[in-house]
Amino acid sequence: MASNYADQRRDYTMGGLSDEDMPTSPFELFGRWLEQAVDASLADPTAMALSTIDAEGRPWQRLVLLKGFSSDGFVFYTNYGSEKAEAISRESRVSLLFPWNELERQVIVGGRAEKVVAAESAAYFLSRPEESQLAAWASRQSRPISSKAVLEQAFSDIKAKFAHGDIPVPDFWGGYRVVPERIEFWQGGAHRLHDRYRYTLADDGDWHWQRLQP
């Protein structure tokens, strides 16, 4: 059954982005936009689409949660045996997309993913709720499973195993930092005259921006 959505459209009227809005560092603007996304009570303001390339050269995307950012990059956590981690081990170049649709904004980050140090992963793991810690142990992320009941049993077994002590940090779990080389900001505009600005990291370590046509 075919569906046609050619007439599905809306205008973008919430505001624009100008040269005067662009700071020297893209992280300053990103931080401001992220704070505004949180203040706007978006359902998942820290959700970002992570795009990787698999062994056959095929792109794949999934949503992960941003757990920290600085001028060093954007951090998320995962199982190091997952499909995303295996893809990153072969090709570290990745892309992130923050889809803040309700604010008529998006941010695209292109760069390389690298593992964070073990101490940083451990500090975050130990800050998680107990159920999240147990789930990290129970799930062999991205591996086939016969039923949800098998996963629930694995969770129960792990919960019993660590019932009388601290839950250790799995050696197969940890963080990645996406070290950016390009960061693009998009703000919807009336009549499809959107505002696009792309920051690019120069060899001297400085960031330079330019306006792009929509």
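A pocket, as the word is used here, is an open set of grid points where a 1.4 Å probe fits, with protein on both sides within 12 Å along at least five of seven lines, and its lining residues are those with an atom within 4 Å of a point. In this predicted model, the largest pocket is lined by 17 residues, and Tyr77, Thr78, Arg128, Gln141 and Trp173 are the ones that lie nearest its centre. The protein has 5 helices and 9 strands, and its 214 residues include a buried share of 38%.

**Overall architecture**

- Followed along the sequence, the helices and strands come in the pattern α-β-β-β-β-α-β-β-α-α-α-β-β-β, and the C-alpha atoms fill a box of roughly 60 × 55 × 40 Å when this is taken along the principal axes.
- Of the contacts between residues at least 6 apart in sequence, 64% join residues that are at least 24 apart.

**The largest pocket**

- The space in the largest pocket comes to about 280 Å³, and the elements that give two or more residues to its lining are strand E2 (59-65), strand E4 (73-79) and helix H4 (130-138).
- Strand E2 supplies the largest share of that lining, with 4 residues, while by class the lining residues divide into 8 nonpolar, 5 polar and 4 charged.

**The second largest pocket**

- About 190 Å³ of space lies in the second largest pocket, whose lining is made up of Ala138, Ser139, Arg140, Arg143, Pro144, Ile145, Val150, Leu151 and Ala154.
- Helix H5 (residues 148-161) gives the largest share of this lining, 3 residues, and the lining as a whole has 6 nonpolar, 1 polar and 2 charged residues.

**Nonpolar cores and helix H4**

- The largest nonpolar core has 33 residues, and those with the most contacts inside it are Phe30, Phe74, Phe98, Trp100, Val107 and Phe185.
- Two or more residues of this core come from each of helix H1 (26-39), strand E1 (47-53), E4, helix H2 (83-90), E5, strand E6 (105-115), E7 and E8, and H1 gives the most, with 6 residues.
- A second, separate core has 12 residues, including Ala136, Ala138, Ile158 and Trp173; Trp173 is also one of the residues nearest the centre of the largest pocket, and Ala138 is also among the residues that line the second largest pocket.
- In H4, the residues Gln133, Leu134, Ala136 and Ala138 are buried, and the buried residues of this helix pack against E4, helix H3 (118-127), H5 and E7.

**Ser95**

- Ser95 is placed in strand E5 (residues 93-100), and because its relative accessible area of 25% falls between the 20% and 50% limits, Ser95 counts as partly exposed.
- Leaving aside residues up to four places away in sequence, Ser95 touches Ala49, Leu50, Ser51, Ile108 and Val109, and the side chain of Ser95 reaches the backbone oxygen of Val109 at 3.3 Å.
- Ser95 and Ala113 are 18 residues apart along the chain, and their C-alpha atoms are separated by 9.1 Å.

**His194**

- His194 lies in the loop between strand E7 (173-187) and strand E8 (195-201), and because its relative accessible area of 10% is under the 20% limit, His194 counts as buried.
- The side chain of His194 reaches the backbone nitrogen of Gly189 at 3.0 Å.

Key: Residues are numbered from 1 along each chain as its sequence is written. This is a predicted model: local features need pLDDT of at least 70, side-chain atom pairs count only at pLDDT 80 or more; totals for chains, interfaces and linings use all residues. Side-chain values use heavy atoms; hydrogens and water are left out. Buried means under 20% relative accessible area, exposed over 50%, partly exposed in between (1.4 Å probe, protein chains only). Contact means heavy atoms within 4.5 Å. A polar contact is a pair of N or O atoms within 3.5 Å; within protein, one must be able to donate a hydrogen and the other to accept it, and residues adjacent in sequence count only if both atoms are side-chain atoms. On a 1 Å grid over the protein atoms alone, a cavity is a set of points where a 1.4 Å probe fits but cannot get out, and a pocket is an open set with protein on both sides within 12 Å along at least five of seven lines; lining residues have an atom within 4 Å of a point. Grid points are joined across faces, edges and corners, and a volume is the space filled by probe spheres set on the points. Ala, Val, Leu, Ile, Met, Phe, Trp, Tyr, Cys and Pro count as nonpolar, Asp, Glu, Lys and Arg as charged, and the others, Gly among them, as polar. A nonpolar core is a set of buried Ala, Val, Leu, Ile, Met, Phe, Trp, Tyr and Cys residues joined through side-chain atoms within 4.5 Å.
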